[in-house]
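Hi everyone, thanks for coming. I'd like to walk you through a structure that's probably new to most of you. Have a look at it first, and then we'll talk.

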Amino acid sequence: MKTGLDDNLKTAERLALIAIIGMTFVLRFHAIGTPSMWWDEMLVPLIASKPIAYILERARLEDFHPPYYYLLIKAICFLGKSDTVLRILSALAGAVSVFAIYRLGLVLKGKTAGIIAAAILAVSPYHVLLSRQVRPYTIIFMLSCITLYFGVSFIRSKSRNDLLKLVVFNAILGLWHYSTFLFSASSYAVILIICAMRRENRAWNIGIAIAGGICSVLPAYLFYHASASEVMSATYLQPATLYFGKLLECIWNDKSLPAYVVAGILFVLGTVALWRKGKIEATYLLCILLVPLAILCAFKYGSYFNFWHLFVLAPAALVLIAAGLDVVLRKAWPITFAVAFCFALFLFHLTLNHDRFYAEWSHTGHYKQWAHDVLAHNNDNALWTFQDGYDADATEWYMKEREGTRFSNYTDNPADRFYKLHFLRFSDIDFAGKDEDFVLYADRSQELATFGRAKLYQLEIDKRSEHVMQSLPYALSLSGDPSGILKHASTVSNITFHPYFKSSAITFRPENPGVLQYALRNGTGQAPPYFIAVDIFTSSTYPKNVIRISYRFDSGDWIDGGVLNCASEPQHNKLIVHRANSFEQMDFRIQLMPDHNAPSMTGNPSGTLRLNKLQFYCNTVSGEEFSSHSLMTSEQGIGEIEPTLPKAFRWSDGPQTQIQFFTVTSRKIMLDFQMNNQLPGQDISIMFNGQAVHKFDNMPVAPWLHSWLTLHEELQSAPGMNTLEITYSKWNQKDEPGGKVVLSEIDLRPMGVAIGRLLLNLDQPANEDWHVIY
């Protein structure tokens, strides 16, 4: 592509082009560092500041974009991290795009169409906006113009040099976004057909085109991870409607019916005009626009996308519309019209529309303002919580870059009677129900300040840090919100809560573990041995996230309970501690340790590991009737405990009760089973891992809860999942040839037998301390 002005331009035309390009630079560079970055922009420097290996891994697993733009901005960050420095590349690409679209219009239709296209693009609101943002779309627009230029040049010149230039620029274009796949598919479809129809250098040109197509797709495709189920819609019409609407937005942000009609008429006129001048070139542009549409409709693409995702196709559409305007204005001083139109919009953008582009709060991001406003409340030793952790990360970027500080971390003071939280609500956009619901977790709350659309609340949550077990069994269930996990903790360090994560606890600073500690005091006076079971419910989006748990008795040394690999969402783990001697207090500590390389939206891995719930259970070993004190079991076909006299029991559900548990190796398992039958002729079969353990035939009715049939059996588990099955021949409301089995006319549950004890336990020493973790 030539870099100078066309030698055939008249002086007036040359001055018109210079004026348009001058206005282009002013609109894109004026006060470029003033507006706050908004959400999509902010992601780029947040991710670019991470190590290269992290950027690549995140692109492979998390992002909707290839990693190359982040890597480019990472290199630019060596020059500085101010908004001006970060945006300069987009502004330059936006300005060059105006000259590139002029050259494309010139080579296709003539200098008037080129100047009209340049004038429209110079003041196109969304092109101006994207030229002032840390995003790759003006680079994509510019490269698309250049690629189309060399595509048209190759069609006319048949020059291998033009084909090679097309291949090079198309390959560079393919680095920035997956939407460029659509451009490459349509462009190379036409180029391959042209190469195949020409005898001269046919094999070489086809080979170059095929290699170019691969090079334009492969580098980005290595990181592509969307599935077909994520992009399907219900109809073939929806993609077409989205496509034309978004394509028009790329050129002008008027989505009214008249705008569609005018654009459609100009598009048709421009297509006809180009067809008369060069059928192959017109076909090339139409294929650039219509092949992607055919692909989207064929796949019924209905996933969310924005107009800028079609920026790669916009140059072709803009040139056709400009050619149509050239036809309409042919005898009405089209160049004068183009310059006047451009100048009028230039003044409009700088005056009446000034705030849209040049005010600090010009877009949806208010992070600069929030970063400044929260400083007055950043030294209150409060536990910061946020409506959205992503907005918090974006706000903290400006706190670090402009103010040299970060959100302060909470320091726990045991003397405090309550936890003080600062809850920052960023906007009315709400992902997890009402923000007021989060405020209701507090015992007291007040609004501290309003920062534009943001509000800062102070919450106070009274501590219940010591729990006295007055009797056994003892149970305590703590939900993941502050009124559960936080209120009942004895020690808190590096922890916060996000409503976005359904009020789970997460780490505040991922570089250090998030720590929660709980104290259970033994006030029962009951004789040992005891067992304490802690159920831990988590969610994790990265397999290398871990949780470390530990415990101690009576302020002794901490005992390592183990490390949990949190590889799924959700996940349930269990720690069982056997205590042979009496104790006054047990302390339990859990440390959340998200992997530093866990991919996340903003590069902050805190939210990839979440603590959703904790459950504590304590009992004496001898007093336990229904819960294993050494295994993590799952149950089916058995009811809740019914605490009646003379003995608590659970109804089995016919036809089968099933207990499952996991052991890593083969272990000796003790089965302790006690039942009371109320159905005459009942047959019961007990199987373990498919092998018969015991069978009771034709059982009589026993005195209610006074006579119990007892079974003590030694079993041998297999590595992996093990299953105990208790099968009943009769149960309440069972249909039999002679009529229904009736145990109760009112209670319609499928009751089989009353179970007074059902225990499965490892054969472990009773006079030693030990623990197991599942």
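So, at what angle do helix α10 and helix α14 pack? One thing before I answer: this is a predicted model. Okay, the angle is about 135 degrees, and the axes are 8 Å apart. In sequence terms, α10 covers residues 180-197 and α14 covers residues 279-298. The two helices are therefore oblique to each other, and their crossing is right-handed.

Who makes that contact? On the α10 side we have L182, F183, A185, S186, S187, V190, I191 and I194. Facing them from α14 are I280, Y284, C287, I288, V291, P292, I295 and L296. Sort those residues by class and you get 14 nonpolar, two polar and no charged.

Now compare that with another pair, helix α3, residues 52-61, and helix α4, residues 68-76. Here the angle is about 160 degrees and the axes are 10 Å apart. Angles over 145 degrees count as roughly antiparallel, so that is what we call α3 and α4. This crossing is right-handed too. The contact takes in I52, I55, L56 and R58 from α3, plus Y70, L71 and K74 from α4. By class, that's five nonpolar, no polar and two charged residues.

Let's zoom out to the nonpolar cores. In soluble globular proteins, nonpolar side chains tend to be buried together. In this model, the largest nonpolar core has 135 residues. Which residues have the most contacts inside it? They are I73, I101, Y284, L313, F407 and L424. The helix that gives the most to this core is α8, residues 137-157, with 14 residues. You've met Y284 already, in the contact between α10 and α14.

L313 is worth a click as well. Skipping its neighbours within four places in sequence, L313 is in contact with F183, Y243, L247, I288, L289 and P292. Among those, F183 belongs to the α10 side of our opening pair, and I288 and P292 to the α14 side.

There's also a second, separate core, with 48 residues, including A442, I547, M586 and C618.

Last stop: T271, in helix α13, which spans residues 257-277. Is T271 buried or exposed? Its relative accessible area is 13%, and the cut-off for buried is under 20%, so T271 is buried. Leaving out residues up to four places away in sequence, T271 touches A282, L286 and L320.

That's my tour, thanks for listening!

Notes
Residues numbered from 1 in each chain as written. Predicted model: local features only at pLDDT ≥ 70, side-chain atom pairs only at ≥ 80, totals over all residues. Heavy atoms only, no water. Helix = DSSP H or I, 4+ residues; strand = E, 2+ residues; numbered from the N terminus. Buried < 20%, exposed > 50% of the residue type's maximum accessible area, 1.4 Å probe, protein only. Contact = heavy atoms within 4.5 Å. Core = buried A, V, L, I, M, F, W, Y, C linked by side-chain atoms within 4.5 Å. Axes fitted to C-alpha atoms, helices over the stretch in contact; angles between N-to-C directions. Parallel < 35°, antiparallel > 145°, perpendicular 65-115°, else oblique. Left-handed = near helix turned anticlockwise from the far one by under 90°. Nonpolar A, V, L, I, M, F, W, Y, C, P; charged D, E, K, R; others polar.
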